[in-house]
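Visitor: Could you walk me through this model and tell me what backs up each label?
Guide: Sure, here it is.

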Amino acid sequence: MDIHEYQAKEILAGFGVPTPRGGLAYSPEQAAYRAREIGGDKWVVKAQVHTGGRGKAGGIIVCENEHEVLEAANTLFGRKLVTHQTGPAGKTVYRLYVEGAVAIAKEYYLGFVLDRKSERVMVVASAAGGMEIEEIAASKPETIVRSVVEPAVGMQAFQAREIAFGLGIAPAQIQQVVETIIASYKAFGELDATMVEINPLAVTEDGSILALDAKMTFDDNALYRRPDISELRDKSQEDPRETRAADRGLSYVGLDGQIGCIVNGAGLAMATMDMIKLAGGEPANFLDIGGGATPERVAKAFRLVLSDENVQAILVNIFAGINRCDWVAEGIVQALEDTPVDVPLVVRLAGTNVEEGRKILTRSGLPIIRAATLAEAAERAVAAWQNSQKHNVKIVVAS
Ligand code: ADP
Ligand code: MG
């Protein structure tokens, strides 16, 4: 789960990361009021949307008086911000963060990620801050400092100092940077984060260290024990398809293709998407219904996939170990009785109770295209989709 910049800043500040004074606004008037409250003579009005690259997309506006703050807020509220991370749909601005503008001497990048290879938290830092990490990795890879944290001892002061030295931080700021690194690491670990990013971490003209931007991502599987973090969820920033899935406890990722997938097991779901691509199609989603899926759960998954307007064919691929093919079949029948499907449906069942499952499908008399193997299922789904495209009618193959 992602959170907003202002929320990440509040959390990190609680752990001791220095941040500028700022305030949240839901209206232009409130934004102007926030500027007055903060004081000073220069402010930054920042769109709160779950994406990086807001600056380049016009989502960060520097203002020199209250009137400018009001104007900036007027242009930003309700706007769809399109960045390289949002896709063409963009993300709508409903909240603004107004912050005192600081005079920046230098910008650094400071990130904490889970490194799957070393199975450790890894600090990734660079003196080329302000740019996205992908950009830094492409154009200035020599500036990147990496450091892996031993979980048994946590982030040590000497290790944080090494990172600061690696960045070329001046002696006067070393201590502040070390404290920032240790505080961020603590926040990462104590709150079950999977990513913390401060970009830029700025050295100001007067020699202080400030986090000017902050991002945090949390482990969805740990949210049950972090009610305070769960509350920070902002559904307006999520793909509505994924919100619906999360609310129903399904593991779903929305994609741009036309072939809806209903699969049990994350690995099999990935393989199914690969096979669809290999057969010349594009998957509309990743969906893992999990092991031991009840008919109700399968029906839920069906309704979710069908609610996506882009879906023009559906592929159900079940390899039942813990699962039972008869349950899945019942779920399919149940779902189709409630919500008639007007797109071709391909089903491949294998494993536990497969015969019972097949019988249920046959007995239902539903127009289901059967397949014996995954390759066959993918090919049939893509062929059925292409056919229906060509004739603009659905192709029904009696089972
Ligand atoms: P994004 O990464 O989404 O573009 P940032 O919050 O990093 O958004 O802002 C973009 C740039 O704007 C920063 O790299 C920094 O140069 C500048 N900036 C952001 N906040 C402030 C601030 N409070 N004072 C001065 N400059 C700022
Ligand atoms: Mg940034």
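Guide: Let's start at ligand 1: one of its oxygen atoms is 2.4 Å from a side-chain N or O atom of Glu107. This is a predicted model, where local features need pLDDT of at least 70, side-chain atom pairs count only at pLDDT 80 or more, and totals for chains, interfaces and linings use all residues. Residues are numbered from 1 along each chain as its sequence is written, chains are lettered from A and ligands numbered from 1 in the order in which they are written, and side-chain values use heavy atoms, with hydrogens and water left out.

Visitor: What makes the Glu107 pair a polar contact?
Guide: A polar contact is a pair of N or O atoms within 3.5 Å (within protein, one must be able to donate a hydrogen and the other to accept it, and residues adjacent in sequence count only if both atoms are side-chain atoms). Glu107 sits at 2.4 Å, so its pair with ligand 1 qualifies. Lys46 also puts a polar side-chain atom 2.8 Å from a ligand 1 oxygen, and Gly100 has a backbone N or O atom 3.2 Å from a ligand 1 nitrogen.

Visitor: How much of ligand 1 does the protein cover?
Guide: On its own, ligand 1 has 540 Å² of accessible area (Shrake-Rupley, 1.4 Å probe; for residues, only the protein chains shown count as cover). The protein covers 85% of that.

Visitor: Which residues come nearest to ligand 1?
Guide: Lys46, Arg54, Gly55, Glu99 and Glu107, out of the 17 around ligand 1. A residue is near a molecule or strand if one of its heavy atoms lies within 4 Å of it.

Visitor: Which strands each supply at least two residues of the shell around ligand 1?
Guide: Strands S2 (43-47), S6 (96-100), S7 (104-115) and S10 (193-204) do. Strands (E, at least two residues) and helices (H or I, at least four) are DSSP runs, numbered from the N terminus.

Visitor: What is notable about Pro200 in S10?
Guide: Pro200 lies in strand S10, and a cis peptide bond with omega of about 10 degrees joins Asn199 to Pro200. In the loop between helix H6 (171-190) and S10 there is Asp192, whose phi is near 60 degrees, a positive value in a residue other than glycine.
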